[in-house]
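Me: I would like to go through the labels attached to this model one at a time, asking in each case what justifies the word that is used.

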Amino acid sequence: MNLVVTLQVEENYGAHGVDWSMIENNDPAYKPHWKPKGAVQWVFPIKPQTMFWMWDDDVLQKKLAHIADLRGSSLFRYTVLDFEFVNMEVIEDYDMEEIMES
């Protein structure tokens, strides 16, 4: 089982060409400008013995938002859009490149 998290990625266009000291010192002249740059998915493996169905969605949302904040920077940020539990199985018996070429 996996926890699949979908996030919005945004780039700070206001940080391009700006002296980093302005960003680091919260200079009022520095104006961030966040532009959506698409989405990304994170996959967190869940151990079978974990009681994931008992997790509170609000608490999980807050924890994921905290991870997104930690992964972000003054250039990029992530916003959690959705999450779901997905049962995924890795199929290694086939080589997709060979299948597509034949």
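**Reasons behind the labels**

Reply: To begin with one residue of this predicted model, Phe 44 has a relative accessible area of 27% and is therefore partly exposed, since that class lies between the limits of 20% for buried and 50% for exposed.

Me: What makes Trp 42 buried or exposed by the same kind of reasoning?

Reply: The relative accessible area of Trp 42 is 14%, and because buried means under 20%, Trp 42 counts as buried.

Me: Why is the pair of Trp 42 and Phe 44 called edge-to-face?

Reply: The ring centres of Trp 42 and Phe 44 are 6.4 Å apart, which meets the requirement of lying within 6.5 Å; their planes stand at 80°, and because an angle over 60 degrees counts as edge-to-face, the pair takes that name.

Me: Why, then, is the pair of Trp 42 and Tyr 78 called tilted?

Reply: Here the centres are 5.5 Å apart and the planes are at 55°, an angle that is neither under 30 degrees, as stacked would need, nor over 60 degrees, so the remaining class, tilted, applies. This pair links distant parts of the chain, with Trp 42 in strand E2 and Tyr 78 in strand E3, 36 residues apart. Tyr 78 itself has a relative accessible area of 22% and is therefore partly exposed, the limit for buried being under 20%. The count comes to two aromatic pairs, and ring pairs link Trp 42, Phe 44 and Tyr 78 into a cluster.

Me: How do you know that Arg 77 forms a salt bridge with Glu 10?

Reply: The closest N and O atoms of Arg 77 and Glu 10 are 2.8 Å apart, and because the cut-off is within 4 Å, the pair qualifies as a salt bridge. The bridge joins distant parts of the chain, from Arg 77 in strand E3 to Glu 10 in strand E1, 67 residues apart. Arg 77 is partly exposed at 33% relative accessibility, whereas Glu 10, at 12%, is buried.

Me: What makes Glu 11 and Lys 37 a salt bridge as well?

Reply: Their closest N and O atoms are 3.9 Å apart, which is still within 4 Å, so this pair also satisfies the definition. Glu 11 lies in strand E1 and Lys 37 in strand E2 (residues 34-45), 26 residues apart. Glu 11 is buried, with a relative accessible area of 13%, while Lys 37 is partly exposed at 42%. A search of the whole structure finds two salt bridges.

Me: Which residues make up the largest nonpolar core?

Reply: That core has ten residues in all, among them Leu 3, Trp 42, Leu 60 and Phe 83. Strand E1 (2-12), helix H2 (57-71) and strand E3 (76-86) each supply at least two of its residues. Leu 3 touches residues including Trp 42, Leu 60, Leu 64 and Phe 83, not counting residues up to four places away in sequence. In soluble globular proteins, nonpolar side chains tend to be buried together.

Me: Why does Met 96 count as exposed?

Reply: Its relative accessibility is 52%, and because exposed means over 50%, Met 96 falls in that class. Met 96 lies in helix H3 (residues 96-101), and together with Ile 91, Tyr 94, Ile 99 and Met 100 makes a nonpolar surface patch of about 590 Å².

Definitions and conventions: Residues are numbered from 1 along each chain as its sequence is written. This is a predicted model: local features need pLDDT of at least 70, side-chain atom pairs count only at pLDDT 80 or more; totals for chains, interfaces and linings use all residues. Side-chain values use heavy atoms; hydrogens and water are left out. Patches are made of residues with over 30% relative accessible area and no salt bridge: like charges are joined within 9 Å, nonpolar side chains (Val, Leu, Ile, Met, Phe, Trp, Tyr) within 5 Å. Accessible areas come from the Shrake-Rupley method with a 1.4 Å probe; for residues, only the protein chains shown count as cover. A salt bridge is a side-chain nitrogen of Lys or Arg within 4 Å of a carboxyl oxygen of Asp or Glu. Helices (H or I, at least four residues) and strands (E, at least two) are DSSP runs, numbered from the N terminus. Buried means under 20% relative accessible area, exposed over 50%, partly exposed in between (1.4 Å probe, protein chains only). A nonpolar core is a set of buried Ala, Val, Leu, Ile, Met, Phe, Trp, Tyr and Cys residues joined through side-chain atoms within 4.5 Å. Contact means heavy atoms within 4.5 Å. Rings of Phe, Tyr and Trp (its six-membered ring) pair if their centres lie within 6.5 Å; planes under 30 degrees apart count as stacked, over 60 as edge-to-face and the rest as tilted.
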